[in-house]
Amino acid sequence: MLRRQLVQAAGLTAMALALPLAAHAADTFKIGLILPMTGQQASTGREIEAAARLYMAQHGDTVAGKKVELIVKDDTGLPDVAKRIAQELVVSDKVNVLAGFGLTPIALAVAQVATQAKTPAITMAAATSAITDASPYMLRSSFTLPQASVALADWAPKNGIKSVVTLVSDYGPGNDAEKYFSERFAANGGKVIEKLRAPLRDPDFAPFLQKVRDAKPDALFVFVPSGNGAAVMKQFFERGLDKAGIRVIGTGDLTDDEQLNNMGDGMLGIVTSHHYSAAHPGELNKKFVEAFRKANPNMRPNFMAVGGYDGMHMIYEGIKATKGEGGGDALLAAMKGLKFDSPRGPVEIDKETRDITQDIYLRKVEKKDGQLYNIEFDVIKQVKDPGKAKK
Ligand code: DHB
């Protein structure tokens, strides 16, 4: 009896071992996920990978008869590395789709590979408007800085903020945030006293904040990428800018859910505009946050996580619509125009621009269950990327 069981077990093991070898590449759908898993942007990589794996755990790893395989590669935050990885993923691994891209320069580097290889690519994190213009194969599940900034420029002058200094990271998304916030704020009668840009890599915010102190604006407007907000705010409080009566506003990158609860009660009352808060009241979001935390104890999903989760949804819908047969162009066509309910609210992938249309919320940092959260208090429905509307 025991012997027969052993023989059977051995037979099953042999079969299980042989299967992956026998499985033809065509039975597999491969996703190349290029993320910063180390370096300054590592929290973005962690959040997106966790969300992508959660999506697969919830929806299964077989879609339209295809086994979905996730290949995660660390770009270390460097565009040259990302480009080489993207080429390898396309040529050697024969991935069906590329995704991830924690920083704008990385999304732009991968866009070139996507065009050459006619392989769809989904920006799940980076947020410069121009990214989706860089390749006809590029789509986006994150957001754009123009989209997030304009709502705040409408809110601020109506709420006692007549003058601002802007402080942004000096690269694509920072330049977008500065431009779209400032233009709209000025059009609403506000005054932009000074525009400051800090380097993206290892920034020292102290000299910039000294300038802000001297300029004495009603508020400081800040954009820094996900994971860098705590460093700015620490310096802000240490230099007593809050005591000097200078308020802080920004896009929600500053009050990133991943960091917010460790940034201290000085954050209470700070108003930002963004597309996602872990405290968003929708039923879908409650389930998402709960499942994410269960799968990743000690982690709170942030806007990067929701970009990863929704990017996976776009891919799964693309595979289903092409009945698993989707090559680059068919898959791309299937993902254009998709409309779905995200944990953040309703979204649509614009057919023409391949960018995401979504609700933008005004939120205030408040305490809920003893923790700091971005609590939404107003919404602007279905905002298209203003960076595209200008053309
Ligand atoms: C980008 C990166 C971020 O972490 C973020 O919060 C917004 C934009 C970017 O590089 O595009």
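These legends go with close-up views of a predicted model, covering the ligand site and the surroundings of Gly227.

**View 1. The ligand and the residues around it.** Let's start with the company the ligand keeps: 14 residues surround it. The closest of them are Thr104, Ala127, Tyr171, Ser226 and Asp253. Sorted by class, this shell is made up of nine nonpolar, four polar and one charged residues.

**View 2. Polar side-chain atoms beside ligand oxygens.** Look here for three side chains that each bring a polar atom to an oxygen atom of the ligand. For Thr104, the distance from such an atom to a ligand oxygen is 2.5 Å. Tyr171 places a polar side-chain atom 2.7 Å from an oxygen of the ligand. With Asp253, the separation between a polar side-chain atom and a ligand oxygen is 2.5 Å. Taken alone, the ligand would expose 290 Å², and the protein buries 100% of that area.

**View 3. Where the ligand sits.** Pull back a little to see the space that holds the ligand: the largest cavity.

**View 4. Gly227 in its loop.** Now follow the chain to the loop that runs between β9 (219-223) and α8 (229-238), where Gly227 has its place. Setting aside neighbours within four places in sequence, Gly227 is in contact with Ser43, Asp256 and Gln259. Leu260 is another residue to find in this view: 33 residues separate Gly227 and Leu260 in sequence, while their C-alpha atoms are 9.5 Å apart in space.

Notes. Residues are numbered from 1 along each chain as its sequence is written. This is a predicted model: local features need pLDDT of at least 70, side-chain atom pairs count only at pLDDT 80 or more; totals for chains, interfaces and linings use all residues. Side-chain values use heavy atoms; hydrogens and water are left out. A residue is near a molecule or strand if one of its heavy atoms lies within 4 Å of it. A polar contact is a pair of N or O atoms within 3.5 Å; within protein, one must be able to donate a hydrogen and the other to accept it, and residues adjacent in sequence count only if both atoms are side-chain atoms. Accessible areas come from the Shrake-Rupley method with a 1.4 Å probe; for residues, only the protein chains shown count as cover. On a 1 Å grid over the protein atoms alone, a cavity is a set of points where a 1.4 Å probe fits but cannot get out, and a pocket is an open set with protein on both sides within 12 Å along at least five of seven lines; lining residues have an atom within 4 Å of a point. A molecule sits in a cavity or pocket if more than half of its atoms lie within 2 Å of its grid points. Ala, Val, Leu, Ile, Met, Phe, Trp, Tyr, Cys and Pro count as nonpolar, Asp, Glu, Lys and Arg as charged, and the others, Gly among them, as polar. Helices (H or I, at least four residues) and strands (E, at least two) are DSSP runs, numbered from the N terminus. Contact means heavy atoms within 4.5 Å.
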